[in-house]
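Here are some friendly notes to read with the model open beside you. Take the points in order and find each element as you go.

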Amino acid sequence: MSEELYKEMAQSIIDGDSDIAIELAKKSIELKMHPLETITKGFVIGVNYIGDQFGAGEAFLPELVMAGEAMKAAVAVLEPELLKLGEAREMMGKVVLATVEGDIHEIGKTLVGTMLSASGFEVVDLGVDQPADKIIGKALEINADIIGMSALLTTTMVRQREVIEELDKEGLRPRIKVMVGGAPITRDWVTKIKADGYSEDAIGAVKIAKELVGKADQ
Amino acid sequence: MSSKNIKSISNPKLKLEILSPDEVKKIHEATLQIIEKVGVRFPSKRALEIWDAHGADVNYEKKIVRVKPQTIEDALKKAPPAYKLAARDPQQDLQLDGNHVYLGTDGCGVEVMDIHTGQKRTSCLQDVHDIARVADATEEVAFHWVPVSAQDTPAEARGLHEIKAVWENSTKHVQTESIYNIEEAKAAIEMAALIVGGTDKLRERPVLSLMQCTAPPLGHDGGSLDAALLAAEAGIPTGFMTMAACATTGPTTMAGNLAVGNAEVIAGTALLQLAFPGAPVFYAAAQTASDLRTGAYTGGGPEDFLFGAATNVLADFYNIPLSMGAFATGAKEPNWQAGLEGSLSSFMASVVMSDMLLGCGFLHGSRIWSYAEMMMDCEIFSIIHKMMAGIEVNDETLALQAIAAVGPGGHYLAQKHTRNHMRELFMPKFMDRRPYSEWETKKDDARDWALTRARKILNEHQPEPLDGGLRREMEKIIKSVEK
């Protein structure tokens, strides 16, 4: 019975169908299935499958994003149940994401957020136009492992450096790692502002984040 | 109608008016005047006698024929406007009906960039086998020309070794441009008849077609004429190709060059119709401009692109299919020039719906075969295929539901509409859209990927083999031609 349900769960993620994923998550609660097993034996299988397909060039970005969103929706249903049991999913790490102050571009950052959460990171996405104190404040509040900052303009990417300087001043590094991204970001810039990592796309960002939390092999 | 593992351009949404109806008429009238007053050279006894029998002014000594416009016009009207090129696999038949553009491999190369070593060397029979095999697997290639010359086979039967090699490695249609004498043409027709089970069946299922080059300006080759007449008699689609080059074998001005080439082609075509009314014929052309510094065949450049589009207007005027030279380039390796010339020439020839597009694979003025170039040319054809479909506008493609669901801000990546339509977006095989850092580590590009793909196909693709009995029969025919 549950085997079949697991399969349906995986399929709902592969299909990127949030509605069905939510429905199946609720059904598992009614059936008193263990929420952690539901996640790992059901939904995660679908995420892994799409991830592999994407890696092999068979699946495309929209499928990856839809799978990520469906996963997020299913986990949101199951998380309160986990809390009731006093358990939690083992997460890869905690990430605070933001587009820096003065910049309202967010598609890239949003994608990174979706990919990170689908890969098992806990992600708090602050949105756009975020000043340094807000970003750092949130990172301290949730005890984040990583701050991820996006900027699309050469005039706003300087804000990435400000956040790093602020973190250094407070002595928060290397406890908190910093990854940056955005169209104008180059390796030279990353070296110059002493960020810990950068990627040119969302898939690469997941790899970097895993490296930064010392879980590159997972 | 689509054919198995063959991508063709059809139902185009793009249009181009390169010549007005009035301009076409002017070129046509100039052409008739050339044929009537200047004449065209037909160095074939059989051809001259046919002209003579139909009232043309024949100078047997100079082998020049002058023909009244009415005779030419009446003869051309007998040519069928549409027919099919049959393939060994009937599911791969090609419809020459004005609504399909098919890509072929280019032909008659003399050197090959070796697929394994990358070194340039003289072409041989094995190359004909290998190229045909790769082309068979590629959906962009719809039919074959004999890509390179099998220079390790006896000259008198070379054209036969070549078509046999193509048939052995592919089920797609074969158009030979390297058989231009009566002995080989006769043998080739016999070989084609073996495949379809009899000479009489060739009319219905021509698995072979013949392309003959003219001898510009205003001339034909005797062997070519005799071969073409024999083929037309057997119902095998036959075409004459002009390669008149501005400033050397044709006038410098493009209109004049079109008229001279047109005179060669339609005079030859009229001859076939006078001899065998209703025989399937096609117009073929690959005009170009000569290089003003060296006098060399350029193969590429803006004149080529314009000729590519203009010639189909002429072929349409005569209501016969066109085989158009495209993808020609003077580039010595797959590079900026090759990409530019391949793209613009094939686009211009395709936007007017030339029936056959020749062809993919060559560098250095159609002399050097490159597998990487072949694969990249195929991708260019796929891009044009996508462009020719234009932009579809309807409720579904206007996507109002998805637009409302996303609203201002946000993104379309998670929309079902996106998933339903994402595969309509072009997915290149050989374009570099990777992160810079990835390129920085690998420093590879389209040429590497294209060659890798060709190698993979050559290693893995198993074409439908030619029946062993048929092969032996063909060998016997070839032996009988060899001295």
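1. A term to begin with: a residue is called buried if 20 or more other C-beta atoms lie within 10 Å of its own, exposed if 12 or fewer do, and partly exposed in between, with C-beta atoms placed from the backbone. Helices (H or I, at least four residues) and strands (E, at least two) are DSSP runs, numbered from the N terminus. This is a predicted model, in which local features need pLDDT of at least 70 and side-chain atom pairs count only at pLDDT 80 or more, while totals for chains, interfaces and linings use all residues. Residues are numbered from 1 along each chain as its sequence is written, and chains are lettered from A and ligands numbered from 1 in the order in which they are written.

2. Now look at strand S6 of chain B, residues 102–105. Are its faces covered or open? Both are covered: B:Tyr102 and B:Gly104 are buried on one side, and B:Leu103 and B:Thr105 are buried on the other.

3. Who are the neighbours of this strand? Two strands pair if DSSP finds at least two bridges between them. S6(B) pairs in the parallel sense with strand S17 (residues 356–360) of chain B over three bridges, and here B:Thr105 stands opposite B:Cys360. S6(B) also runs parallel to strand S9 (residues 141–144) of chain B, joined by two bridges, with B:Gly104 opposite B:Phe143.

4. Step back and you will find that these strands belong to a closed barrel of eight, in the order S6-S9-S10-S11-S12-S14-S16-S17 of chain B, with parallel pairing. From one strand to the next the twist averages 30°. To follow the barrel onward, go from S9(B) to strand S10 (residues 173–176) of chain B, which runs parallel to S9(B) and is joined to it by two bridges; B:His144 has B:Val174 as its bridge partner.

5. Next, see what lies across the barrel strands. Axes are lines fitted to C-alpha atoms, for helices over the stretch in contact, and angles run from 0 to 180 degrees between N-to-C directions. Helix H9 (residues 254–275) of chain B lies across strands S12 (238–242) and S14 (281–285), at about 160° to S12(B). Helix H10 (residues 302–317) of chain B lies across S14 and strand S16 (322–325), at about 165° to S16(B).

6. Chain B also has an open sheet of three strands, ordered S1-S3-S2, with antiparallel pairing. Strands S1 (40–41) and S2 (57–59) of chain B are at the edges with a single partner strand each, so one side of each has no neighbour in the sheet. Two bridges link S1(B) to strand S3 (residues 64–66) of chain B, and B:Val40 has B:Val65 as its bridge partner.

7. For a helix pair, try H11 (residues 336–351) and H12 (residues 371–388) of chain B, which pack at an angle of about 40° with their axes 10 Å apart. Their crossing is right-handed (the near helix is turned clockwise from the far one by less than a right angle; anticlockwise would be left-handed). Among the residues making the contact are B:Gly342 and B:Phe347 of H11(B) and B:Ile380 and B:Phe381 of H12(B).

8. Finally, the two chains meet: 14 residues of chain A are in contact with nine residues of chain B, where contact means C-beta atoms, placed from the backbone, within 7 Å. Of the side of chain A that touches chain B, H4(A) gives the largest share, six residues.
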